[in-house]
Amino acid sequence: MDNQAALWSCASATCLSLDAKRHQVTVDTGNIKSTTATTAASSDAVSCRKLKHIAHTPRGSCFMALLLLLLLALNFRHAHSCGPGRGLGRRRERNLYPLVLKQTVPNLSEYQNGASGPLEGVIQRDSPKFKDLVPNYNRDIVFRDEEGTGADRLMSKRCKEKLNMLAYSVMNEWPGVRLLVTESWDEDRQHGQESLHYEGRAVTIATSDRDQSKYGMLARLAVEAGFDWVSYVSRRHIYCSVKSDSSPSISHVHGCFTPESTALLENGEKKKLSEVAIGDRVLSMNENGQAVYSEVILFMDRNLEQMQTFVQLHTDNGAVLTVTPAHLITVWQPEQQKLKYVFADRVEELNYVLVMHQGELRPQRVLRVSSVQSRGVVAPLTREGTIVVNSVAASCYAVISSQSLAHWGLAPMRLWYTLQGWMPGKNQLRSSCSKTTTPKDNNNNNSNNTPQVQNGIHWYAKALYKVKDYVLPQSWRHE
């Protein structure tokens, strides 16, 4: 019996016997010898009858589908993890080059928008913004805290997020070594007149073993962790800083459309995205760039009250797409005669986007790119992973630059939606798992007859957004 057959036998025994440990598979490279007793043979026959019975029941079909997926997953070769998260597999094999003394990344002034951005003002303990600082109690980080006030543990939310990622990278790079923070938020004004230390947006770091030969690579790991400005400022330490938590460029790192944007339903009706429901079939685009209708299976994000900065793309036929900066947009490249997905804030004037015109998706030139503030965000996900909004073709995904990788990452949700379709009472299941949009819905007399929708980021999307920082290189992410 070969390895695959052995795997099937093992899985069947595990699922159909309460005493799985007693089942064994004997593998012989030459001939398969019968080593089971008569009682074992009769037990296997009973197991086969049970398996056939289960496979022909409605719930058994779901069970068998899940079992098959499990077996397929187990048959895959172990892949190398991209790191840098602790315990995620082998250390990344991508070559990383250490920074040299006095080098900064990016090679800009720290206070430029392309780096950590402008100063916003000193934060004192009695300042209104003091409540925005958060303590960091990560046990994988050593805080020197010379003042004994806990000030070195206080920092902005973005700074804490990047620092925690760096801590995992340090432990993967040098087992037994931890990240050392010598300075974070500074309330004693010890860094001159202007410093992001006073806002909790900067940290001074080293390694716990104080090995200066590691500091060049430590600076590189800080860049990979997502710090907005990193400087190998001294042989004794590394300086890192981040953008403000309120910076428009990071205020909403996910990808969404405005609630007033419209999608075309299969019946010819145009519907606002705020009114689109799970199960609606909306105009989308397949992998060949052709217009198709695809079912909405969930909402990656939905918040009708949040103020957000959007990018607006104006085409030469009058179509206007309003979307968050990190959202992927379909761009046509006439020279290569192929489609490419580009972050919305990187689409340039005179680029071509696909616009629905006379029943076909056709390239249209972008005449103007602008920015606008608007209220509300909506991000429907279709089976195709694409959607045509305000007649412009766009991805359903954001934050990472690969459409195919993002689509693969949502495969479990597409599978779950399919399995729900096989179950009785699927509409009740979906309704019970979602939240109401506004408090008014609770007081509506017809609320029991209308489908409920979520308010906020979908739990699975939220998990993916967190995982991406640990498994994807910075060059693949929207920063």
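Trainee: Is L350 buried or exposed?
Mentor: Keep in mind that this is a predicted model. L350 sits in the loop between β15 (338-343) and β16 (352-357), and its phi is positive, about 80°, although it is not a glycine. The cut-off for exposed is over 50% relative accessible area. L350 has a relative accessible area of 54%, so call it exposed.

Trainee: And V399, buried or exposed?
Mentor: V399 also isn't a glycine, yet has a positive phi of about 75°. Look for it in the loop between β19 (392-398) and α6 (403-409). Buried means under 20% relative accessible area. V399 comes in at 2% relative accessibility, so the word is buried.

Trainee: Which residue is the bridge partner of N303 in β17?
Mentor: Start with the strands: β12 (residues 291-315) and β17 (residues 360-382) run antiparallel, joined by 15 bridges. Follow N303 across to β17 and its bridge partner is V377.

Trainee: What residue in β17 stands opposite V355?
Mentor: β17 pairs with β16 too, antiparallel, over six bridges. The two strands make a hairpin with two residues between them, and Q358 in the turn has a positive phi of about 55°. Across from V355, on β17, you'll find R362.

Trainee: Which residue does a cis peptide bond join to V105?
Mentor: Go to the loop between β1 (104-105) and β2 (134-135). The bond from V105 has an omega of about 0°, and the residue it leads to is P106.

Notes: Residues are numbered from 1 along each chain as its sequence is written. This is a predicted model: local features need pLDDT of at least 70, side-chain atom pairs count only at pLDDT 80 or more; totals for chains, interfaces and linings use all residues. Side-chain values use heavy atoms; hydrogens and water are left out. Helices (H or I, at least four residues) and strands (E, at least two) are DSSP runs, numbered from the N terminus. Buried means under 20% relative accessible area, exposed over 50%, partly exposed in between (1.4 Å probe, protein chains only). Two strands pair if DSSP finds at least two bridges between them.
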